[in-house]
Amino acid sequence: MSTRAASPPPTRRLRALCAALLGAVLPLLTAMVVAAPPASAAALTEVTAFGSNPSGLRMHLYVPDTVRQQPPVLVAVHYCTGSGPAFHSGTEFARLADQHGFIVIYPSATRSGQCFDVSSPQALRRGGGSDPVGIRSMVSYVENTHGADPDRIFVTGASSGGMMTNVLLGNYPDVFAAGSAYMGVPFACFATTDGSGWNSACANGQISRTPQEWGNLVRGSYPGYNGARPRMQIWHGTEDTTLRYPNFGEQIKQWTNVHGVSQTPSFTDTPQASWTRTRYGGTGEQAPVEAISLQGVGHSLPMGGQAAMTIAYFGLDEPGGDPDPDPDPDPDPDPGTGVCEVAVTTNAWNTGLTASLTLTNTGTTAVGGWTLGFTLPPGQAITSGWNASYSPSSGAVTARNAAHNGTIAPGASVSIGYQATHTGDTGNPTAFALNGATCS
């Protein structure tokens with residue numbers, strides 16, 4: 001996707017875009033293929049009848065030899081000029097699926113240039129048609145045919161796929177738990193009204209909006225939705241000349257506003273030389289928004305090791321139910337009470353806050369089907385949460401385990417958290433009880 005002036009005809013721009021992107025990405029993918037380990041017996045297969053597919057996408061599916069019970073699902077979306085099979089062979093996601101037991105969906109765009117539609121009015125509203133609807137159908141197909149966990153559906157993508165990651169999180173916040181966008185642009189940044197799929201101003205980093213304006217575009221995709229929003233991880237190289245670096249900051253503005261968290265990082269580190277990672281709304285590995293800036297890097301992501309960081313951000317490297325091919329697995333331990341302790345970290349701003357809770361089973365027997373009761377300070381009300389369900393939103397609250405963390409082994413911990421509003425009291429919750437037993 002080259003950054004050409006707006007004057008050439010759309011067809012010439014698209015050809016140049018495809019050539020530039022192919023030149024940037026193909027050497028990387030070739031190197032990855034050469035370095036790839038021997039394939040497992042599992043193979044990429046095409047699914048041809050997966051549901052509503054208004055734009056004629058193709059679907060390829062990778063199911064490892066051993067998958068988890070009620071497996072998580074990752075949707076991996078390719079770049080322009082690419083395909084699902086090319087993204088499968090040229091990235092690490094299939095190998096990581098072998099390691100961690102999740103299923104990968106690889107959509108393929110079929111229009112000229114093999115770019116996904118992230119610009120039309122149909123694509124930018126929930127159920128409006130075009131590519132997002134077809135990808136949603138792929139997810140439903142895997143949920144229905146493979147018993148996938150509906151609470152652990154994730155999406156990642158590069159370039160055009162990174163843009164589609166932003167679109168899918170905007171259109172389907174009730175479907176995706178988190179996304180990771182490599183070299184993308186904000187939701188609706190590429191919007192056009194002339195039928196063109198290319199937006200030069202956005203590609204060149206010339207569109208800047210306030211956080212509220214960006215957030216409103218996301219919220220306008222699904223009017224009336226008040227549920228939890230997907231977490232977002234953002235990757236961008238400072239020397240990207242195809243989808244320029246200012247789009248990195250605009251995505252941060254958008255998704256921090258969507259989550260109602262401060263644009264001031266609550267955590268900053270350097271996971272590798274020349275990388276800067278910032279987290280917003282929390283300091284943990286699964287903060288509401290995480291952004292990684294790569295100094296001196298162009299339009300060539302993901303590179304080695306980055307896919308594993310995305311899998312860790314999604315929590316797909318956590319146990320969450322051991323891979324088990326036994327069709328009649330042993331039942332979970334009986335629900336019970338146990339000695340417990342809870343550590344809390346709260347980050348507050350203006351009228352909002354996030355709280356991260358680490359619940360540890362300090363007893364000698366496993367605790368299954370757990371609930372954690374606690375009391376919020378007056379004026380606090382939970383608006384969204386992760387790794388548990390919460391009810392009611394204020395006062396004496398009960399957090400109930402998610403499907404992937406329902407058993408806590410002796411000495412083990414689970415991390416959960418929530419976002420809340422407050423009227424001035426930003427104190428920690430109190431009076432913790434695990435399955436009715438008081439925690440320290």
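**Entry 1: a pocket**

I began with the second largest pocket, which has a volume of about 710 Å³. I then asked which residues sit closest to its centre. Of the 36 that line the pocket, these are Ala228, Gly385, Trp386, Asn387 and Ala388. I keep in mind that this is a predicted model.

Next I looked up which strands contribute to the lining. Strand 15 (381-386), strand 16 (388-391) and strand 17 (396-401) each supply at least two residues. Strand 15 gives the largest share, 5 residues.

I also checked the chemistry of the lining. I noted 17 nonpolar, 12 polar and 7 charged residues.

**Entry 2: the sheet with strand 15**

I followed strand 15 out of the pocket lining. I found strand 15 in an open sheet of 4 strands, ordered 11-12-19-15, with antiparallel pairing. Which strands stand at the edges? They are strand 11 (340-349) and strand 15. Each has a single partner strand, so one side of each is left without a neighbour in the sheet. On average, neighbouring strands here are turned by 25° against each other, direction ignored.

I then took the pairing at the strand 11 edge. How many bridges link strand 11 and strand 12 (residues 352-361)? I noted 10, in the antiparallel sense. As one pair to look at, I picked Ala343, whose bridge partner in strand 12 is Thr358.

As a reminder to myself, side chains in a regular strand alternate between the two faces of the sheet.

**Entry 3: strand 14 and its partners**

I came back to strand 17, another contributor to the pocket lining. Strand 17 runs antiparallel to strand 14 (residues 371-375), and 5 bridges join them. Leu372 stands opposite Ala399 of strand 17.

Strand 14 is also joined to strand 20 (residues 430-434), by 3 bridges. These two strands run antiparallel as well. Here I marked Gly373, which stands opposite Ala433 in strand 20.

**Entry 4: Gly147**

Last, I looked up a loop residue. Gly147 lies in the loop between helix 4 (130-146) and strand 5 (153-158). Is Gly147 buried, exposed or partly exposed? Gly147 counts as partly exposed because its relative accessibility is 36%, which falls between the 20% and 50% cut-offs.

I then listed what Gly147 touches. Leaving aside neighbours within four places in sequence, Gly147 is in contact with Gln70, Pro71 and Val142. Pro71 is 76 residues away from Gly147 along the chain, yet their C-alpha atoms are separated by 7.1 Å.

Conventions: Residues numbered from 1 in each chain as written. Predicted model: local features only at pLDDT ≥ 70, side-chain atom pairs only at ≥ 80, totals over all residues. Heavy atoms only, no water. 1 Å grid on protein atoms, 1.4 Å probe; cavity = no way out; pocket = protein on both sides within 12 Å on 5 of 7 lines; lining within 4 Å. Points joined across faces, edges and corners; volume = space filled by probe spheres on them. Nonpolar A, V, L, I, M, F, W, Y, C, P; charged D, E, K, R; others polar. Buried < 20%, exposed > 50% of the residue type's maximum accessible area, 1.4 Å probe, protein only. Contact = heavy atoms within 4.5 Å. Pairing = 2+ DSSP bridges. Axes fitted to C-alpha atoms, helices over the stretch in contact; angles between N-to-C directions.
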